[in-house]
Amino acid sequence: MSQVVFRSPLLARLTGCSLSVQVERGFAPQARLGSQCRFFSRSMYTNAELTIPPPPALLQPLVVPKKLLLGPGPSNISTRVQEAGGKQVIGHMHAEMFEIMDEIKAGIQYAFQTTSSMTLAISGSGHAAMEAAFFNVVEPGDVVLIGIHGVWGERAADIAERIGGDVRRFVKPPGEMFTLQEIEQALVQHKPILFFITHGESSSGVVQEMDGIGPLCHKHNCLLLVDCVASLGGAPLYMDKQDIDILYSGSQKVLNCPPGTAPLSFNDKACQKIFNRRKKPVSLYLDMSWLSNLWGCDGSPRKYHHTTPITGLFALREALAILAEQGLEENWKLHQENAEYLHKGIEDLGLKLFVKDKAIRLPTVTTIAVPEGYEWKDITDFIMKKYQIEITGGLGPTIGKVLRIGLMGINCTKANADLVLGALKDALEQCKKSKH
């Protein structure tokens with residue numbers, strides 16, 4: 001028989017002792033060693049002391065203030081969507097979950113106005129869908145033309161550069177849109193494989209006219225990628241009719257759904273590029289060869305890829321159901337009418353709309369030129385503090401230049417327009433003008 005002594009400063013600190021084990025030659029000592037180890041394990045956990053106590057804040061009930069979200073997003077969530085998102089979880093690979101995913105796919109096809117089978121929801125925000133589009137289509141050295149007339153073009157250029165794309169920036173001042181002539185000149189000059197443009201530029205309040213851009217891109221052997229995060233459901237857009245190859249959006253704006261699920265669709269031309277890559281996409285999480293299977297787009301039995309945001313998908317399904325019940329055309333009409341009502345009220349206050357051309361004002365997000373002599377943050381802070389209403393300042397190239405008001409989905413009402421106009425009037429009277 002021999003004795004083995006385990007001595008360790010760590011064990012000594014945790015248990016106040018060392019572990020001595022009698023080991024005999026043969027098989028019997030294994031059971032004895034196991035017994036000793038189990039005793040040591042129990043002793044270690046009994047004598048160890050936690051050094052990090054429970055956070056006091058987490059021992060209190062969750063408190064979430066009630067606010068009216070009239071900024072560029074997220075928007076308030078309807079009771080119906082809240083209830084859907086609060087249902088008990090089921091397995092992400094259950095047959096019932098696949099049925100819900102199929103319903104979501106059909107809802108996105110309706111919202112996008114596309115028959116593309118490669119239609120799904122990315123597990124993530126609109127940024128994740130943006131990255132999924134670039135990661136799957138663009139390879140190192142590919143020339144990518146980015147239309148920039150606000151912050152989202154800047155983000156797109158950043159993403160494309162990170163994966164080795166040869167990015168060519170095509171810039172217009174915030175508040176303006178691109179013309180077909182300008183776009184064709186850029187396509188001829190740069191010869192890109194992909195052209196990115198934002199349909200609803202929420203940082204500047206511009207809606208880009210899409211008719212004719214798709215055919216121009218295809219004439220020059222270029223795919224068209226469109227961001228409609230801020231415009232989906234609030235402004236007319238037709239993926240198939242307008243020859244858009246790749247379209248993505250978000251869930252937290254007109255759809256009145258929590259952020260975290262992002263609609264995305266690729267047509268056949270885009271799929272040909274995706275599935276004829278020289279190398280795998282840089283992200284496994286956003287790899288469409290996996291995601292297309294998970295979402296039942298490839299006709300093969302579904303395989304595990306990642307655990308989808310199950311309750312988030314419940315909420316998205318219900319949000320898309322509400323859009324389908326109300327009808328796209330009715331939603332487009334509602335957002336346009338209430339935007340025009342808001343615009344008139346803003347001008348009646350003596351304020352100036354940032355986008356001068358009425359025809360290209362985004363119906364979902366209105367931008368107001370910061371009135372001379374005021375600090376924009378004084379206005380937004382006053383309205384939040386007194387009225388619990390969110391409006392925001394600019395983003396990217398419009399920081400310090402605009403105030404932004406969003407009327408989206410269930411928040412798109414004349415009553416809400418009147419509320420925010422009254423709050424703005426009060427803020428202009430109460431906020432001190434700067435000396436500049």
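Modeller: Contact means heavy atoms within 4.5 Å. This is a predicted model, in which local features need pLDDT of at least 70, side-chain atom pairs count only at pLDDT 80 or more, and totals for chains, interfaces and linings use all residues. Residues are numbered from 1 along each chain as its sequence is written, and side-chain values use heavy atoms, with hydrogens and water left out.

Biologist: Okay, how many helices and strands are there in the protein chain?

Modeller: Helices (H or I, at least four residues) and strands (E, at least two) are DSSP runs, numbered from the N terminus. Counted that way, the protein chain has 14 helices and 16 strands.

Biologist: And what share of the 436 residues is buried?

Modeller: Buried means under 20% relative accessible area, with exposed over 50% and partly exposed in between (1.4 Å probe, protein chains only). Among contacts with a separation of 6 or more, residues 24 or more positions apart account for 70%. For buried residues, the share of the 436 is 52%.

Biologist: Let's zoom in on Ser123: is it buried or exposed?

Modeller: Ser123 sits in strand β4. Its relative accessibility is 15%, so Ser123 counts as buried.

Biologist: Which residues does Ser123 contact, leaving aside its neighbours within four places in sequence?

Modeller: Sequence distance isn't a good guide here: Ile310 is 187 residues along the chain from Ser123, with their C-alpha atoms separated by 9.6 Å. The contacts of Ser123, sequence neighbours within four places aside, are Gly260, Tyr285, His306, Thr308 and Pro309.

Biologist: Why is β4 largely enclosed by the rest of the structure?

Modeller: In a regular strand the side chains alternate between the two faces of the sheet. In β4, Met118, Leu120 and Ile122 are buried on one side, and Thr119, Ala121 and Ser123 are buried on the other. The strand is largely enclosed because the buried count is six of the six residues.

Biologist: Which residue of β12 stands opposite Ser123?

Modeller: Two strands pair if DSSP finds at least two bridges between them. β4 and β12 (residues 261-266) run antiparallel and are joined by six bridges. Opposite Ser123 in β12 stands Thr261.

Biologist: Which strands stand at the edges of the sheet of seven strands?

Modeller: This open sheet runs β4-β12-β11-β10-β7-β5-β6, with mixed pairing. Each edge strand has a single partner, so one side of each lacks a neighbour in the sheet; those strands are β4 and β6.

Biologist: What angle does helix α4 make with β4?

Modeller: Axes are lines fitted to C-alpha atoms, for helices over the stretch in contact, and angles run from 0 to 180 degrees between N-to-C directions. Within the sheet of seven strands, the twist averages 20 degrees from one strand to the next. Helix α4 (residues 95-112) packs on that sheet, touching β4, β11 and β12, and its direction relative to β4 makes about 110 degrees.

Biologist: Which residues have the most contacts inside the largest nonpolar core?

Modeller: A nonpolar core is a set of buried Ala, Val, Leu, Ile, Met, Phe, Trp, Tyr and Cys residues joined through side-chain atoms within 4.5 Å. The largest one has 86 residues, and those with the most contacts inside it are Ile122, Phe134, Phe195 and Phe266.

Biologist: Which helix gives the most to this core?

Modeller: Nine residues of the core come from the helix in question, which spans residues 310-326. That helix is α11.

Biologist: How far apart are the end C-alpha atoms of α14?

Modeller: The expected span of a helix is 1.5 Å times one less than its number of residues. With 17 residues, α14 should span 24 Å, which agrees with the separation of its ends, 24 Å.

Biologist: Which elements do the buried residues of α13 pack against?

Modeller: Ile379, Thr380, Phe382 and Ile383 are buried in α13. They cover an arc (that of the directions from the helix axis to the C-beta atoms) of only 160 degrees, which puts them on the same side of α13. The buried residues of α13 pack against β14, β15, β16 and α14.

Biologist: Last one: in β16, what is the bridge partner of Val365?

Modeller: The open sheet of three strands is ordered β13-β16-β15, with antiparallel pairing. β13 and β16 pair over five bridges. In β16, Val365 has as its bridge partner Gly406.
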